[in-house]
Amino acid sequence: MRRRFALVFLAACGSSTQRAAVSAVPEHPPAAAPEVVAEFVVDPARSKFEVWGKDIISGEHRISFTRWTARVRQTKELEIHAEIEMCSAEIDMKSATRILRQELLECDRFPTSTLDAKMRPTNARPNEMLVEGINDLHGVKKMLRFTGLLSEEGSGP
């Protein structure tokens, strides 16, 4: 069965110890089995990648990215890796989209941005996750922390 996740980002720009009893040690211990990791592809057709920002001149704005890919891995913590095409950015002020793409994001020089982060539930509202990780934009890596919504397809928003 193939599982899909829907992802919506809303942003303002330990391991456990296990014990085992061993009665005999083999001469050549077997290699450790590789960790099985569940990985899910986020479906951009059913998901949004948006950023909310604010400037002092025109107030709050929503920036949507129409072309991006993301994978969610379920290890001890949920992890996400996303690649965003900067030239797909659209701002809620249509007249400012060109300025956003060419002058702020410089999408001709820096066509993609990446996000590598860990996610954990905020417990504030259903499907809300605290996302903490590294964003690579313009070749500069910065730590980001924001909340987003993550739900399995058919289980909610």
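Student: Why does Cys 107 count as buried?

Tutor: Welcome to this predicted model! Cys 107 has a relative accessibility of 2%. Buried means under 20%, so Cys 107 counts as buried.

Student: What makes Cys 87 partly exposed?

Tutor: The relative accessible area of Cys 87 is 29%. Partly exposed is what lies between the cut-offs of 20% and 50%, so Cys 87 belongs there.

Student: How do you know that a disulfide joins Cys 87 to Cys 107?

Tutor: Look at the sulfur atoms: they are 2.0 Å apart, S to S. A disulfide needs a pair of cysteine sulfur atoms within 2.5 Å, so Cys 87 and Cys 107 qualify. By this rule the count comes to 1 disulfide.

Student: Why can we say that this pair ties together parts that are 20 residues apart in sequence?

Tutor: Cys 87 sits in the loop between strand S6 (78-85) and strand S7 (89-91), while Cys 107 sits in the loop between helix H1 (97-104) and strand S8 (112-121), so the pair links those two parts. The link is right-handed, with 95° about the S-S bond.

Student: What makes Glu 132 and Arg 145 a salt bridge?

Tutor: Their side chains meet at 2.8 Å, N to O. The cut-off for a salt bridge is 4 Å, so this pair meets it. Glu 132 lies in strand S9 and Arg 145 in strand S10 (residues 140-152), so the pair ties together parts that are 13 residues apart in sequence.

Student: Is Arg 145 buried or exposed?

Tutor: Exposed! Its relative accessibility is 57%, and exposed means over 50%. Its partner Glu 132 is partly exposed, at 24%.

Student: How many salt bridges does the whole structure have?

Tutor: A search finds 12 salt bridges. One of them joins Asp 43 and Arg 46, with the closest N and O atoms 2.9 Å apart. Asp 43 is buried, at 18%. Salt bridges also link Arg 73, Glu 79 and Lys 118 in a network.

Student: Asn 135 lies in strand S9 (residues 128-137). Why is the pairing of its side chain with the side chain of Ser 113 called a polar contact?

Tutor: The distance there is 3.1 Å, and a polar contact has a pair of N or O atoms within 3.5 Å, one able to donate a hydrogen and the other to accept it. A polar atom of the Asn 135 side chain also lies 2.8 Å from the backbone oxygen of Thr 114. At 15% relative accessibility, Asn 135 counts as buried.

Conventions:
Residues numbered from 1 in each chain as written. Predicted model: local features only at pLDDT ≥ 70, side-chain atom pairs only at ≥ 80, totals over all residues. Heavy atoms only, no water. Helix = DSSP H or I, 4+ residues; strand = E, 2+ residues; numbered from the N terminus. Buried < 20%, exposed > 50% of the residue type's maximum accessible area, 1.4 Å probe, protein only.
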